[in-house]
Amino acid sequence: MSMQGDGLLVVVSGPSGAGKGTICRSLMDSKKDIVASVSSTTRMPREGEIDGNNYFFISREEFLNMIENDGFIEYAEVYGNFYGTPRKFVEENIKSGKDVLLEIDIQGALQVKEKYKEGVFVFILPPSMEELKSRIIKRGTEDQKEILRRFESAYKEINYVSRYNYFIINDRVDAATDKLRSIITAEKCRVDRFKMKLIGQ
Ligand code: 5GP
């Protein structure tokens, strides 16, 4: 009997400014046995962003080609740009028993949930809406109009927490990261996952 089964697919979403990027980075720094998927996007790189590291920055045409070839497990248009999760990396790692982290928007997470029912879906919440607004402003990477747009959509997005398995209120990054690590640990101890592995042999 082998205890080695598929890796866990961990999907993290939350409104812009909730701090999901920071939490995911902090998780990756402290947990070596999980790999992060790098998304493809048609958005322009921001200052300091590296191709192949933050994102694969590709043209609209290349993106449409990937869609055509079923190269994404999900994709969505977010704030006027396309974002997608390349299929190959995720499926290969999961199959080889590695846990994979996706940090994607809600539309994408709901698509993944349809196809990968055994995934774990985590929603990051800001401590308050006031805090959320000040974080979006402080980040300073967007202009005034974009800030307002992101804040308004964050307001609507928060309702989607009900479609996720877990929520984490991000009042302190280290505490929030601890919670995410604990969720992953607990999920890997679930009896029904163990049963799935036995049946899957
Ligand atoms: P940003 O442009 O600020 O890096 O990301 C904007 C939004 O796109 C964030 O909510 C981020 O989580 C989401 N996002 C990043 N990669 C993907 C992806 O591959 N698929 C989907 N659906 N959303 C993504």
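**Reading sheets, ligand contacts and ring pairs in a predicted model**

In this predicted model, S40 has F56 in strand 4 as its bridge partner.

User: To which strand pairing does that bridge belong, and in what sense do strand 3 and strand 4 pair?

Analyst: Two strands count as paired if at least two bridges are found between them. Strand 3 (residues 40-41) and strand 4 are joined by two bridges, in the parallel sense.

User: In what order do the strands of that open sheet stand?

Analyst: The four strands follow the order 4-3-6-5, and their pairing is mixed. Strand 4 (56-57) and strand 5 form the edges, each pairing on one side only. Helix 3 (residues 87-95) packs on this sheet, where it touches strand 5 and strand 6 (81-86). The direction of helix 3 makes about 30° with that of strand 6.

User: Which order and which pairing describe the open sheet of five strands?

Analyst: Its order is 2-7-1-8-9, with parallel pairing. Strand 2 (34-36) and strand 9 (166-169) each have a single partner strand, so one side of each lacks a neighbour in the sheet. On average, neighbouring strands are turned by 25° against each other, direction ignored.

User: How many bridges join strand 2 to strand 7?

Analyst: There are three bridges between strand 2 and strand 7 (residues 99-103), and the two strands run parallel. Within this pairing, V35 is opposite V100 of strand 7.

User: Which strands does helix 4 lie across?

Analyst: Helix 4 (residues 106-115) lies across strand 1 (9-13), strand 7 and strand 8 (120-125). Relative to strand 1, helix 4 runs at about 155°.

User: Turning to the ligand, which residues come nearest?

Analyst: Among the 16 residues around the ligand, the nearest are S39, R43, Y55, Y83 and D105. For polar contacts, the pairs to inspect are N or O atoms within 3.5 Å. The side chain of D105 places an N or O atom 2.6 Å from a nitrogen atom of the ligand. For E74, a side-chain N or O atom is 2.7 Å from a ligand nitrogen atom. G84 contributes a backbone N or O atom, 3.2 Å from an oxygen atom of the ligand. The ligand taken alone exposes 510 Å², of which the protein buries 92%.

User: How is a pair of aromatic rings described?

Analyst: The description rests on the distance between the ring centres and the angle between the planes. Eight aromatic pairs are counted here. The centres of the F63 and Y75 rings are 6.2 Å apart and their planes stand at 75°, so this pair is edge-to-face. F63 belongs to helix 2 (residues 60-68) and Y75 to strand 5 (residues 72-78); the pair links distant parts of the chain, 12 residues apart.

Technical notes. Residues numbered from 1 in each chain as written. Predicted model: local features only at pLDDT ≥ 70, side-chain atom pairs only at ≥ 80, totals over all residues. Heavy atoms only, no water. Axes fitted to C-alpha atoms, helices over the stretch in contact; angles between N-to-C directions. Contact = heavy atoms within 4.5 Å. Near = heavy atom within 4 Å. Polar contact = N/O pair within 3.5 Å; in protein donor to acceptor, adjacent residues only side chain to side chain. Areas by Shrake-Rupley, 256 points an atom, 1.4 Å probe, with all protein chains shown as cover. Phe/Tyr/Trp six-rings, centres within 6.5 Å; stacked < 30°, edge-to-face > 60°.
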